[in-house]
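This is a guided reading of one structure for someone who has not met it before. Please keep the sequence and the model in view while reading.

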Amino acid sequence: MLWAELLDGVQHEAYARSLQAFAAQRRASGAFERAADTTLRPMGEWLRFNRVVPDSVRLNLWLAAGLLALCLVNVAGLLAARFLRRAGEHGIRRVLGAPRRSIIAACLVEAGLAGVLGGVLALPLTLGGLWLMRQQGEAYAPLARFSLPLFLALLALALLTGLLVGLLPALRAARQEPALQVKTL
């Protein structure tokens, strides 16, 4: 089996022709008893063709993605409830002269801190999950290792997710009329 990095279609065609010519020459000389498979496959297709990734890993990926989506919706709902519960405070700040963007900024700081806190709290869960993976008898279990650069990237992603999920509730909290909020106090 050969691996090659082909940058464009011209290189792909030239490599395919040379590979087919080599296989035909080897078959003619008697080195190959039957015609060799000279199909060039991209990496993703090759992985699927050879079933490199077990179905259980694919299932785990879909379950994790579904759980992540559920968590994001839950966090957005909790942030919306929190920001709207503090509508009186936002109304007073607006009456005293605070612009809408300062209300949005305060809400986004809170949402970002919630995202970072969630990312930091994920560290022990990550370490526990990696330990559980290594306890399995699967062939890929020893490959499950902690990577600090990857964790830091995921922590940044948690911050960004917190900000994105908190953006809509923050905009909604800043859109409320301050006079109505002050009247209800």
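Helices are DSSP runs of H or I of at least four residues, and strands are runs of E of at least two, numbered from the N terminus. The model is predicted, so local features need pLDDT of at least 70 and side-chain atom pairs count only at pLDDT 80 or more, while totals for chains, interfaces and linings use all residues. Residues are numbered from 1 along each chain as its sequence is written, and side-chain values use heavy atoms, with hydrogens and water left out.

Open and closed spaces are found on a 1 Å grid over the protein atoms alone: a cavity is a set of points where a 1.4 Å probe fits but cannot get out, a pocket is an open set with protein on both sides within 12 Å along at least five of seven lines, and lining residues have an atom within 4 Å of a point. Points are joined across faces, edges and corners, and a volume is the space filled by probe spheres set on them.

The structure holds one cavity of 30 Å³ or more. The largest cavity encloses about 40 Å³ and has ten lining residues, with His 90, Gly 91, Arg 94, Ala 173 and Gln 176 nearest its centre. At least two lining residues come from each of α4 (87–95), α6 and α7 (178–183), and α4 gives the most, four.

The largest pocket has a volume of about 1700 Å³. Its lining has 41 residues, and Ala 64, Leu 68, Ala 122, Thr 126 and Leu 154 lie nearest the centre. Two or more lining residues come from each of α3 (55–85), α5 (100–135) and α6 (148–175).

The helices α3, α5 and α6 also each supply at least two residues of the largest nonpolar core, a set of buried Ala, Val, Leu, Ile, Met, Phe, Trp, Tyr and Cys residues joined through side-chain atoms within 4.5 Å. Buried means under 20% relative accessible area, exposed over 50%, and partly exposed in between (1.4 Å probe, protein chains only). This core has eleven residues, among them Leu 79, Phe 83, Ile 103 and Val 165; the largest share, five, comes from α5.

Ala 158 is in helix α6. Is Ala 158 buried or exposed? It counts as buried, because its relative accessibility is 17%. The C-alpha atoms of Ala 158 and Ala 122 are 9.9 Å apart, with their positions 36 residues apart along the chain.
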